[in-house]
Each structure stands twice: as structure tokens, then as C-alpha cells.
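Here's a walk through one structure, meant to be read with the model open on your screen. Grab your viewer and follow along.

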Amino acid sequence: MPMPMQYIDEFRDPVHARGLALRIAELAARAAAARGRALQIMEFCGGHTHTIFRYGIEQMLPPEVELVHGPGCPVCVLPLGRIDDALSVALRPQVIFTTFGDAMRVPGAQGSLLQAKGAGADVRMVYSPLDALQVARANPGREVVFFALGFETTMPATALTVLQADREGLRNFSLLCCHIATAPTLRAVLDEPGLGLDGFLAPGHVSMVTGAEPFQFVARDYRKPIVITGFEPVDVLQSLWMVLRQIDEGRAEVENQYSRVVDTSGNRAALQAMAQVFEAGEDAHWRGLGAIGGSGFRLRGRFAAYDAEARFPVPAATREEPPGCQCGEVLRGMLQPQNCRMFGKGCDPANPLGALMVSSEGACAAYYNYRHRQTEPAR
Ligand code: SF4
């Protein structure tokens, strides 16, 4: 059972963390001896990757546990071609292009949105789609486009914004829709040949919206334990222990470590808003992973007027990754960030070659900021 804790300090308590690390070591030694190899556990979510590097969790784990950093950072999986689509819209003189900050630095084949802004395009950073709606209200003579990114975590806010625009009859607002679904991607990772994953940490923020249902197939169809996990270091350690405990007891279930936030039946109001505005089932292209069937969303016909791609034709071209970039292998859990041939040599947070070096949730940026920099010789 998850431990009853109330205050944030308790989820960062080193004594508590060390106690969990000892229990993990005990279970991992038994499971690894039975398998004759180390156990591989994937944290799907970029938020967990960030916590793992920030708090040095890998260094607390025994050699029998290997963490595999998954593709759950929406900025990191934006394909090159989608950035080019965004640029083609943002460069139109009548357009004000609004986006979250991280997405401004993601390199496309033709540069980044930040570079386009430097060259004179009206690209503005916003903190929420409602900010973009406010820009549309304030600029009735311009077309305001919001770059709608993210998993089910950010989709309810986008859906509610479209509903609000519709209520107000705002016609100069639209979305370049790049929302993506977690479950089909997890299935694609599980079907990847050569990946011997033993268990998963499921994303806590996504689960807050969706509940546990989208993850049931992992336990039912693939017989892998999966634990919905919070974002503090003790959350992550406790969830790793819960995954290992399932392995030790021969179980494969969806468990909820993040019960202080996640109701396993999800957030009904958020799910309703999403279902009202978006239709699931589109194939979406992911950077490094290719097309994943059913992982994308589009606006329902009733809201087609808010689709930026209907107003502004985009190139919609699929692009190869830049030469030397190994983001795809890192995203599929086949390569550790520091083993990419470009890591720190042509790709760093100041000059990212791949998207995994852009967002703080990207595995390469997290590794660079928390591990690589600390081991660099002093100058
Ligand atoms: S170091 Fe750069 S190119 Fe290599 S995987 Fe990471 S982000 Fe991609």
C-alpha cells in the first residue's frame, strides 16, 4: 500500500529515500537472480526523467535495476516536419503564432520558431491556451494560432479554450493541433523488437485526467507491472519498489502510487470536454518513432473552423532526422543519452541538434544538466 504522507518535504526526505533504496535492492537482487539479468524499468514520462536526474535516483539504485527513459515528453517527440508546418503558418504576415516556451527552441529542418521570431515573425510565448485566446480578443484584425501540444494532460485546457472561443463567436482563433495519446505509444514501445522491459512507471499527470483505464492493457495483454507515479523523488523510489514487489509476487497489475492526486476513474469533466472537442484515432508521426497508429487527435467536424490547417495549408512533409542525431534510439529506450555520438559534441542545451536536448523533460537535457556538467573537468 502507498505510504500515508502529507507534506512535500516528506516526499524529498533522504532517510525515507534511503530506506526505499534498500528495499528495492533486496527485491531486485532476487528478481535479477531468477532472470539471470538486470531488470529494465521504463519511466514513460519526461517529468519522471527530470526527477530521476535532478535527485540522482539512478545512483541510489543497485546494478540489478536499469532505468530506461521513455518517449513521454511532448516537445521531444515533435517531428521535424511538424515544426516546419508551424513555421509555414507563423511566417504569414497576418498571423500571430502562440506557443509554449519549450516548443520555440525545437529545431525543424528550416530552423526554429525562435529563429523565425528573430527574423521578424510574430511568435509569442504563452503559458496556456487561454492566454492565446486573450491575444485573439485583443487583435481582432489578426489571425491568432495556438500550437496545441501535449498528451492528455494539456488537452482539457485546449478543449475548454475552443469551447470558450465558440461561445464568444471568436473567429480569428485557431489551433495547429499536435495533441497525442499515451496508450498507443506505450503499446508501440511494448511491440518494439529487442526491448526487454520488465515494468513501467506510468505518467501521473496524464493519469490525473484519464484515470487508470488506458494502462490496463499493459498488465492484461503484456503481463507487465505498471505503477501510476508522482513526481517527487520518494514517489519515484516508492513506485520502483511497487513494480519490483509485483515482479517478486508474480503479479502484473496497474497500481496507483499517486493516489493523493490521481483518482483511478479519471477526471470526468476533463474527459467530457476532450471528447466534445477532439476525435481520437488519427495516426500521428513521432520524432524518432515514426507513425504510431491511433496516437493523434483532430478537431471534431463541429469545431473544424478552429483548425489552423484548414485556414492555412501546411507542407505536412515527413523529414529525416539531422545527420548524426540518435534521438530515435534514445526515445525507444535503446540508447542512453550520453552514448549518442553527438552528446556534448555538436548537441548541447545551448545548441540542440535533437529535440531531446531542448525541453527540461528531455532525457538528453536532463542528463546534460544534472550529470554531465557535474562530471566535466573544472576550467
Ligand atoms: S544528444 Fe542530441 S542528437 Fe543525440 S539523442 Fe540527444 S538530443 Fe538527440
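What follows covers a sheet, two helix pairs, a short helix and one odd loop residue. Keep in mind that this is a predicted model.

Let's start with the sheet. It is an open one of 5 strands, in the order E2-E1-E7-E8-E9, and the pairing is parallel. E2 and strand E9 (254–256) sit at the edges with a single partner strand each, so one side of each has no neighbour in the sheet. On average, neighbouring strands here are turned by 25 degrees against each other, direction ignored. As background, strands of a sheet pair through backbone hydrogen bonds, either parallel or antiparallel.

If you want to check the pairing by eye, go to strand E1 (residues 39–45), which runs parallel to E2 and is joined to it by 6 bridges. One handy landmark is Glu43, whose bridge partner in E2 is His69. Over on the other side, strand E8 (residues 226–229) and E9 are also a parallel pair, with 3 bridges. There you can look for Val227, which has Glu255 as its bridge partner in E9.

Is strand E2 largely enclosed or largely open? Of the 8 residues in E2 (residues 65–72), 7 are buried, so the strand is largely enclosed by the rest of the structure. That may be worth a second look, given that E2 stands at an edge of the sheet. One element to look at here is helix H9 (residues 182–190), which lies across E1, E2 and strand E7 (199–203) and runs at about 135 degrees to E2.

Now for the helix pairs. Two packed helices are described by the angle between their axes and the distance between the axes. Here are both pairs:

| Helix pair | Angle | Axis distance |
|---|---|---|
| H8 (residues 155–168) and H13 (residues 268–277) | about 60 degrees | 8 Å |
| H1 (residues 14–35) and H12 (residues 233–248) | about 25 degrees | 9 Å |

With that angle, H1 is roughly parallel to H12. The crossing of H1 and H12 is left-handed. On the H1 side, the contact includes Leu20, Ile24 and Leu27, while the H12 side includes Leu237, Trp241 and Leu244. By class, 14 residues in this H1–H12 contact are nonpolar, 2 are polar and 4 are charged.

H8 and H13, on the other hand, are oblique to each other. Their crossing is left-handed too. From H8, the residues involved are Met155, Pro156, Ala159, Leu160, Val162 and Leu163, and they meet Ala270, Ala273, Met274, Gln276 and Val277 of H13. This contact has 10 nonpolar residues, 1 polar one and no charged ones.

Next up is helix H2 (residues 46–54). With 8 of its 9 residues buried, H2 is largely enclosed by the rest of the structure. The buried ones run through Gly46, Gly47, His48, Thr49, His50, Thr51, Ile52 and Phe53. After H2 comes Gly56, with a positive phi near 65 degrees.

A positive phi also turns up at Arg223, at about 55 degrees, although Arg223 is not a glycine. Most residues other than glycine have a negative phi. Where does Arg223 lie? You'll find Arg223 in the loop between helix H11 (216–222) and E8. Arg223 is exposed, because just 10 other C-beta atoms lie within 10 Å, and the cut-off for exposed is 12 or fewer.

Notes
Residues are numbered from 1 along each chain as its sequence is written. This is a predicted model: local features need pLDDT of at least 70, side-chain atom pairs count only at pLDDT 80 or more; totals for chains, interfaces and linings use all residues. A residue is buried if 20 or more other C-beta atoms lie within 10 Å of its own, exposed if 12 or fewer, and partly exposed in between; C-beta atoms are placed from the backbone. Helices (H or I, at least four residues) and strands (E, at least two) are DSSP runs, numbered from the N terminus. Two strands pair if DSSP finds at least two bridges between them. Axes are lines fitted to C-alpha atoms, for helices over the stretch in contact, and angles run from 0 to 180 degrees between N-to-C directions. Angles under 35 degrees count as roughly parallel, over 145 as roughly antiparallel, 65 to 115 as roughly perpendicular and the rest as oblique. A crossing is left-handed if the near helix is turned anticlockwise from the far one by less than a right angle, and right-handed if clockwise. Two residues are in contact if their C-beta atoms, placed from the backbone, lie within 7 Å. Ala, Val, Leu, Ile, Met, Phe, Trp, Tyr, Cys and Pro count as nonpolar, Asp, Glu, Lys and Arg as charged, and the others, Gly among them, as polar.
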